[in-house]
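Trainee: Could you pick one side chain and take a close look at it for me? I'd like to know how it sits, what it pairs with, and what goes on around it.

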Amino acid sequence: MTLIDLANPTRFLALTARLLPWLAGATVILLAIGLYQSALAPDDYQQGATVKIMFIHVPNAWLSMFVWGVMSIASLGTLVWRHPLADVAAKAAAPIGASFTFLALLTGSLWGRPMWGTYWEWDARLTSVLILFLMYLGLMALWRAVDDPSRAARAAAVLTLVGAINLPIIKFSVDWWNTLHQPASVMRMGGSTLDKSFLVPLLVMAVAFTLLFVTLHLAAMRNEILRRRVRSLQMMQASRIAFSNELSPGSREENASKGAA
Amino acid sequence: MTALAALIRRDIRIALRVGGGALIGVLFFLTVVVLMPFAVGPDLALLSRLGPAILWLGALLASLLTLDRLFMADHEDGSLDLITMSRTPLELACAAKALAHWLAAGLPLIVATPVLGLLLNLDMVATGAVALTLLAGTPALTFTGMIGAALAVTLHRGGLLMAVLVLPLSIPVLIFGVAASQAAIVGPMTFGAPFSILCALSLVSLVIGPFAAAASLRHGLD
């Protein structure tokens with residue numbers, strides 16, 4: 001099974017139909033384990049119980065960037081390899097990524113209130129993630145602005161790739177501008193600074209959220225493929241009606257007279 | 001080369017003539033700056049502190065206002081199709097058009113800056129710093145904005161969408177432009193560091209902009 005085999009939407013639908021229940025099951029189990037472990041994790045000596053927001057906040061923040069990365073790869077697939085499912089993948093990912101970004105901003109702001117004493121601060125990491133959120137919304141607007149999905153796909157692909165410049169800015173913003181947000185503590189040179197009792201639930205939650213994204217993404221891709229099929233069926237039907245009317249302008253009268261006879 | 005020079009000459013000429021709209025940008029810039037004292041109050045000390053930020057915002061909005069003319073007029077009269085089909089690479093043609101647009105619409109903004117600086121009570125050093133940062137930064141605004149303009153052409157009626165798509169990309173330019181001019185006026189940072197980042201942003205957008213714009217034109221117009 002290679003990437004090229006998935007180019008056939010019917011085969012993709014068949015494969016994901018078998019895969020999705022397993023993925024959904026694994027997501028639920030991992031989420032349950034992760035949430036249980038997070039609840040059992042000790043309180044921080046400084047932050048108290050509010051540190052548990054981290055177990056929701058960090059996976060959301062990580063996925064907000066990961067989804068844009070997935071969309072960038074899919075955009076390369078659209079522009080370079082013309083993979084037929086790439087634009088479906090890019091389109092289906094955008095609303096999911098926007099949701100993760102919004103949740104990261106929301107949980108971060110709820111965490112910031114007791115810790116920093118403010119819901120919002122114009123700090124480098126916060127601002128760059130807010131820009132990421134705005135770019136998700138702009139991208140979704142772009143998808144909706146064009147009727148023809150394949151043309152919308154190429155316009156959106158260009159914008160996605162240009163917007164990918166924002167990802168390293170977000171990643172390194174805490175190191176470049178030393179503002180309120182704490183510097184990287186999990187993925188950094190020389191190992192994590194987090195204690196094991198926090199790190200294990202955090203990693204389980206990160207994997208669970210990633211699985212959640214994969215599940216939602218595949219389901220959304222299926223919906224998008226089916227939506228496109230409905231659309232092309234409708235267009236075929238419309239063109240058939242237009243064509244038959246064009247062929248025999250008097251057909252309606254003929255039918256009417258037949259009906260009368 | 002002559003084709004590109006002819007394209008630049010033509011674009012500048014169209015932009016500067018009646019209905020071209022390049023100089024409207026300066027008028028808009030003036031209007032934004034004049035509106036500011038009404039919004040924040042006529043306190044000259046406050047205005048001179050906010051001055052660089054006001055000038056940068058005004059220039060950003062003015063350059064955004066003129067951007068949709070970059071491809072739209074050519075698309076309407078069909079000359080964009082000719083440019084796309086000509087033997088000159090589309091990337092180079094896009095770069096030439098953006099350069100012409102910057103010469104016709106961006107440069108007048110920089111020339112107008114000293115006059116507007118007087119209105120905001122900026123001293124000579126501050127005005128010079130803002131004009132210099134605008135000179136280094138506005139090419140980046142034009143060349144990243146060109147991507148949005150190219151997308152908007154392929155969309156039809158995409159003007160408002162273009163503003164939404166382009167503005168997030170212009171935030172780094174705004175940050176470092178204002179940071180450099182503030183550094184020149186009050187310190188404590190040196191002027192050099194943010195200014196070189198600003199120049200780097202312009203150079204990067206000089207490379208990325210034409211390719212992204214040409215790609216979206218090529219895909220959108222078929």
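Mentor: Let's take B:E91, which counts as buried at 19% relative accessibility. Here buried means under 20% relative accessible area, exposed means over 50%, and partly exposed is what lies in between, computed with a 1.4 Å probe on protein chains only. Before going on: this is a predicted model, where local features need pLDDT of at least 70 and side-chain atom pairs count only at pLDDT 80 or more, while totals for chains, interfaces and linings use all residues. On bookkeeping, residues are numbered from 1 along each chain as its sequence is written, chains are lettered from A and ligands numbered from 1 in the order in which they are written, and side-chain values use heavy atoms, with hydrogens and water left out.

What does B:E91 pair with? It makes a salt bridge with B:R218, and the closest N and O atoms are 3.4 Å apart. The cut-off for a salt bridge is a side-chain nitrogen of Lys or Arg within 4 Å of a carboxyl oxygen of Asp or Glu. B:E91 sits in helix α6 of chain B and B:R218 in helix α10 of chain B, so the bridge ties together parts that are 127 residues apart in sequence. Helices (H or I, at least four residues) and strands (E, at least two) are DSSP runs, numbered from the N terminus. The partner, B:R218, is partly exposed, with a relative accessibility of 43%.

Helix α6 (residues 90-119) of chain B has another charged pair worth a look. B:K97 and B:D74 meet through their side chains in a salt bridge, at 2.4 Å from N to O. B:D74 belongs to helix α4 (residues 69-77) of chain B, and the two residues are 23 apart in sequence. Both B:K97 and B:D74 are buried.

How does UniProt annotate this stretch? An unreviewed entry there lists "transmembrane region" for several spans of chain B, including 92-120 and 191-217; such positions are given in the numbering used here, with feature names shortened, and the annotations may be inferred rather than shown by experiment. In the model, residues 92-120 of chain B are 97% helix and 0% strand, with the end C-alpha atoms 39 Å apart. Another listed span is 53-71 of chain B, which is 95% helix and 0% strand, its end C-alpha atoms being 29 Å apart. One more detail from chain B: B:L120 is 74 residues from B:L46 in sequence, yet their C-alpha atoms are 9.2 Å apart in space. B:L46 lies in helix α3 (residues 44-67) of chain B, and this leucine is partly exposed, with a relative accessible area of 24%.

Back to the partner's helix, since α10 also matters for the interface. In all, 19 residues of chain B are in contact (heavy atoms within 4.5 Å) with 18 residues of chain A. The two chains bury about 1600 Å² between them, 79% of it on carbon and sulfur atoms; buried area is the accessible area (1.4 Å probe) that two parts lose on being put together, summed over both. Between chain B and chain A the salt bridge count is zero. On the chain B side, the elements giving two or more residues are α7 (124-155), α8 (159-169), α9 (171-186) and α10 (192-220). The largest share, six residues, comes from α10(B). By class, that side has 13 nonpolar, five polar and one charged residues, where Ala, Val, Leu, Ile, Met, Phe, Trp, Tyr, Cys and Pro count as nonpolar, Asp, Glu, Lys and Arg as charged, and the others, Gly among them, as polar.

For context, the structure holds nine salt bridges over all chains. One of them, in chain A, joins A:K91 to A:E224, with the closest N and O atoms 3.5 Å apart. A:K91 is in helix α3 (residues 86-116) of chain A and A:E224 in helix α7 (residues 196-247) of chain A, so this pair ties together parts that are 133 residues apart in sequence. A:K91 is partly exposed at a relative accessible area of 26%, whereas A:E224, at 5%, is buried. As for the chain around that pair, chain A has eight helices and zero strands, and buried residues make up 40% of its 261 residues.
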